[in-house]
Amino acid sequence: MTIKEARTQAGWSQAALAAYLDIPKRTIENWESGARIAPEYVEKLVVNEILRRSAPAAPTFSIRNETVKRYAEICKSFSRETEDWSYLPDERFYTTDGSFDWKESSDNAHGGIDVSWAFKLSDIEIDYAAAERLFELLMEEVQLAVSDEWEPDQLELTLEKFSL
């Protein structure tokens with residue numbers, strides 16, 4: 001892809017690109033008209049920067065609502081209370097328990113939400129990841145519901161646990 005193609009695709013004017021890269025507009029005009037040839041590595045860097053800068057931002061998640069805040073707090077509690085453990089046994093489940101705490105079980109019969117991902121993480125790491133992880137877990141449940149053709153009441157019960 002050329003600089004002009006990338007610039008046009010991104011919807012930038014030559015002046016906007018020049019201002020963003022802090023290079024003379026005339027330089028961009030010369031490159032695009034063929035009056036001057038940008039070194040190949042420069043063209044690659046400029047094209048990559050245009051595409052990077054104009055790409056839609058990746059979704060970000062932050063702790064904004066009470067459900068995510070409560071989930072993060074439960075994960076922090078789990079992390080703190082298990083910090084002296086050397087490992088998590090594979091045959092156990094570490095999940096929310098419906099009372100704003102976590103629970104260890106052999107079968108997750110209470111249907112809690114996984115908190116094991118937070119093992120040995122700091123509070124900051126948990127705050128950063130909690131919303132995204134909660135969303136991923138919710139999507140796994142929804143996909144399971146669709147593939148297994150759950151009845152609406154089954155799905156409703158499952159979704160309720162994400163209301164913490």
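Contact here means heavy atoms within 4.5 Å. Helices (H or I, at least four residues) and strands (E, at least two) are DSSP runs, numbered from the N terminus. Buried means under 20% relative accessible area, exposed over 50%, and partly exposed in between, with a 1.4 Å probe and protein chains only. The model is predicted: local features need pLDDT of at least 70, side-chain atom pairs count only at pLDDT 80 or more, and totals for chains, interfaces and linings use all residues. Residues are numbered from 1 along each chain as its sequence is written, and side-chain values use heavy atoms, with hydrogens and water left out.

## Helices H5 and H4

Start with H5. What covers its buried residues includes strands E1 and E2 and helix H6. The buried set in H5 is Thr67, Val68, Tyr71, Ala72, Ile74, Cys75, Lys76, Ser77, Phe78 and Ser79. H5 has 16 residues. From first C-alpha to last it reaches 22 Å, close to the 22 Å expected at 1.5 Å a residue. The expected span is 1.5 Å times one less than the number of residues in the helix.

Helix H4 covers residues 40–54. Its 15 residues reach 21 Å from first C-alpha to last, close to the expected 21 Å. Buried in H4 are Val42, Val46, Val47 and Ile50. They span an arc of only 130 degrees around the axis, which puts them on the same side of H4. That arc is taken from the directions from the helix axis to the C-beta atoms. On the other side of H4, Glu40, Tyr41, Lys44, Leu45 and Arg52 are exposed. The cover over the buried residues of H4 includes helix H1 (3–10), helix H2 (14–21) and H3.

## The hairpin

Strand E1 takes in residues 93–96 and strand E2 residues 102–105. The two pair in the antiparallel sense over four bridges. Two strands count as paired if DSSP finds at least two bridges between them. Phenylalanine 93 stands opposite serine 105 in E2. Five residues lie between the strands of this hairpin, and glycine 98 takes a positive phi near 90 degrees. In a regular strand the side chains alternate between the two faces of the sheet.

## Aromatic pairs

Rings of Phe, Tyr and Trp (its six-membered ring) pair if their centres lie within 6.5 Å; planes under 30 degrees apart count as stacked, over 60 as edge-to-face and the rest as tilted. By this rule there are eight aromatic pairs. One is edge-to-face between tryptophan 85 and tyrosine 94, at 5.9 Å centre to centre and 65 degrees between the planes. Tryptophan 85 is partly exposed at 25% relative accessible area. Tyrosine 94 is buried at 2%.

Tryptophan 85 also pairs with tryptophan 102. Their ring centres are 6.3 Å apart and their planes lie at 75 degrees, so this pair is edge-to-face. Which parts does it tie together? Tryptophan 85 lies in the loop between helix H5 (66–81) and E1, and tryptophan 102 in strand E2, so the pair links parts that are 17 residues apart in sequence. Tryptophan 102 is buried, at 13% relative accessibility. Phe78, Trp85, Tyr94, Trp102 and Phe119 form one aromatic cluster.

## Salt bridges

Side chains of opposite charge can pair when their charged atoms come close. A salt bridge is a side-chain nitrogen of Lys or Arg within 4 Å of a carboxyl oxygen of Asp or Glu. A search of the whole structure finds 12 salt bridges. The table gives some of them.

| Acid | Base | Closest N and O atoms |
|---|---|---|
| Glutamate 29 | Lysine 25 | 2.6 Å |
| Glutamate 73 | Lysine 76 | 3.1 Å |
| Glutamate 136 | Arginine 133 | 3.1 Å |

Glutamate 29 and lysine 25 are four residues apart in helix H3 (residues 25–33), so about one helical turn separates them. Lysine 25 is partly exposed, at 38% relative accessible area. Lys25, Arg26 and Glu29 are linked in a network of salt bridges.

Glutamate 73 and lysine 76 are three residues apart in H5, so about one helical turn separates them. Is each of these residues buried or partly exposed? Glutamate 73 is partly exposed at 42% relative accessibility, whereas lysine 76 is buried at 7%.

Glutamate 136 and arginine 133 both lie in helix H6 (residues 123–147), three residues apart, about one turn of the helix. Glutamate 136 is partly exposed, at 35% relative accessibility.
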